[in-house]
Amino acid sequence: MKIKYSLLPFVIVCFAMLAMVACKNTQPQPVPRQNEIADEEKMNKQDQMEAAMEYEVERSKDLKLGYIPRQRLLNAFEAVKRNALTQRGALPGITWNERGPSNVGGRTRSILIDKNDPTGNTIWAGSVGGGLWKGSNITTAGYSWSAVDNLFPNLAVSSIAQNPTNLNTLYFGTGEGFFNADAIQGGGIWKSTDDGVTWVHLPSTAVASPSSTFSHIQKIVV
């Protein structure tokens, strides 16, 4: 009997410890706040964006140089453009119906009223996936839009500016820097000295990597 009673304190202690563990496990766990969930989701999206950009660099870079040779891409686009101009022609037996842009919306990050037109009827608009557009007679019912050039090496036009002292000089910058999941990387800045008739790429703004200063141009100030 003495041996059995000597085990009683040990048994009581064991039951007490089990009861404490059970009570701890049944306590309600703290619920994450909404802003903490939103911050975590935002970080996850940013991680995905960075991973996608890194993948694009790895897929496109020159293995010897270690970066994307953007100037070669510009030269290739110009060659394709010249080749397309020499091979244009009507295809026999085929008719085309317009499917946009007047009835199809898209992300328009920049609009500029051309000060060369004192009536205010000429407007430039930048589409981040569709390049540069020009609107004529914008204040009338018969206004129209026309694509300036569908073969720019980069069509992610995100900013437009006009030189206030020389209205024939225009600029447009490329690349979205607004952290949206479908953001398009830019390729630098283009310049026109004949009020938008012709455009040239500024070589000093060529983009060598996604972290380049000129890969996401949200605003240009002349």
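**Salt bridges, strands and long-range contacts in a predicted model**

Glu 58 and Lys 61 are joined through their side chains by a salt bridge with an N to O distance of 3.2 Å; the term denotes a side-chain nitrogen of Lys or Arg within 4 Å of a carboxyl oxygen of Asp or Glu. The model is predicted, and local features therefore require a pLDDT of at least 70, side-chain atom pairs count only at pLDDT 80 or more, and totals for chains, interfaces and linings use all residues. Residues are numbered from 1 along each chain as its sequence is written, and side-chain values use heavy atoms, with hydrogens and water left out.

Lys 61 is partly exposed, its relative accessible area being 24%. Here buried means under 20% relative accessible area, exposed means over 50%, and partly exposed lies in between, with a 1.4 Å probe and protein chains only. Under the salt-bridge rule the count comes to three, and the remaining pairs involve Glu 176, as follows. Arg 107 forms a salt bridge with Glu 176, with the closest N and O atoms 2.8 Å apart. This pair links distant parts of the chain, since Arg 107 belongs to the loop between α3 and β1 and Glu 176 to the loop between β6 and β7, 69 residues apart. The helices (H or I, at least four residues) and strands (E, at least two) named here are DSSP runs, numbered from the N terminus.

Glu 176 also meets Arg 109 in a salt bridge, at 3.0 Å from N to O. Because Glu 176 lies in the loop between β6 and β7 and Arg 109 in strand β1, the pair ties together parts that are 67 residues apart in sequence. Through shared partners, the salt bridges join Arg 107, Arg 109 and Glu 176 into one network. Within this network, Glu 176 counts as buried at 2% relative accessibility, whereas Arg 107 is partly exposed at 30% and Arg 109 is partly exposed at 33%.

Strand β1, which holds Arg 109, leads to the first sheet to be described. Four strands form an open sheet in the order β1-β2-β3-β4, with antiparallel pairing; two strands pair if DSSP finds at least two bridges between them. β1 (108-113) and β4 (144-147) stand at the edges with a single partner strand each, so one side of each is left without a neighbour in the sheet. On average, neighbouring strands of this sheet are turned by 25 degrees against each other, direction ignored; the axes are lines fitted to C-alpha atoms, for helices over the stretch in contact, and angles run from 0 to 180 degrees between N-to-C directions. Five bridges connect β1 with strand β2 (residues 123-127) in the antiparallel sense. Leu 112 stands opposite Trp 124 in β2.

The loop between α3 (70-86) and β1 also contains Leu 91. Together with Ile 94 and Trp 96, Leu 91 makes a nonpolar surface patch of about 400 Å². Patches are made of residues with over 30% relative accessible area and no salt bridge, like charges being joined within 9 Å and nonpolar side chains (Val, Leu, Ile, Met, Phe, Trp, Tyr) within 5 Å. The accessible areas come from the Shrake-Rupley method with a 1.4 Å probe, and for residues only the protein chains shown count as cover.

Strand β6 (residues 170-174) is mostly covered, with five of its five residues buried. Leu 170, Phe 172 and Thr 174 point one way from β6, Tyr 171 and Gly 173 point the other way, and all are buried. β6 runs antiparallel to strand β5 (residues 157-162), joined by five bridges, and pairs in the antiparallel sense with strand β7 (residues 189-192) over four bridges. Gly 173 takes part in both pairings: in β6 it is the bridge partner of Ser 159, and its own bridge partner in β7 is Ile 189.

Ser 159 lies in strand β5 and is buried, with a relative accessible area of 3%. Its side chain reaches the backbone oxygen of Ile 217 at 3.4 Å. This is a polar contact, a pair of N or O atoms within 3.5 Å; within protein, one must be able to donate a hydrogen and the other to accept it, and residues adjacent in sequence count only if both atoms are side-chain atoms.

Two C-alpha separations complete the description. Asn 180, in the loop between β6 and β7, counts as buried at 15% relative accessibility. Asn 180 and Met 49 are 131 residues apart in sequence and 8.9 Å apart in space, C-alpha to C-alpha. Met 53 lies in helix α2 (residues 34-60) and is partly exposed at 28% relative accessible area. The C-alpha atoms of Met 53 and Gln 185 are separated by 8.9 Å, with their positions 132 residues apart along the chain.
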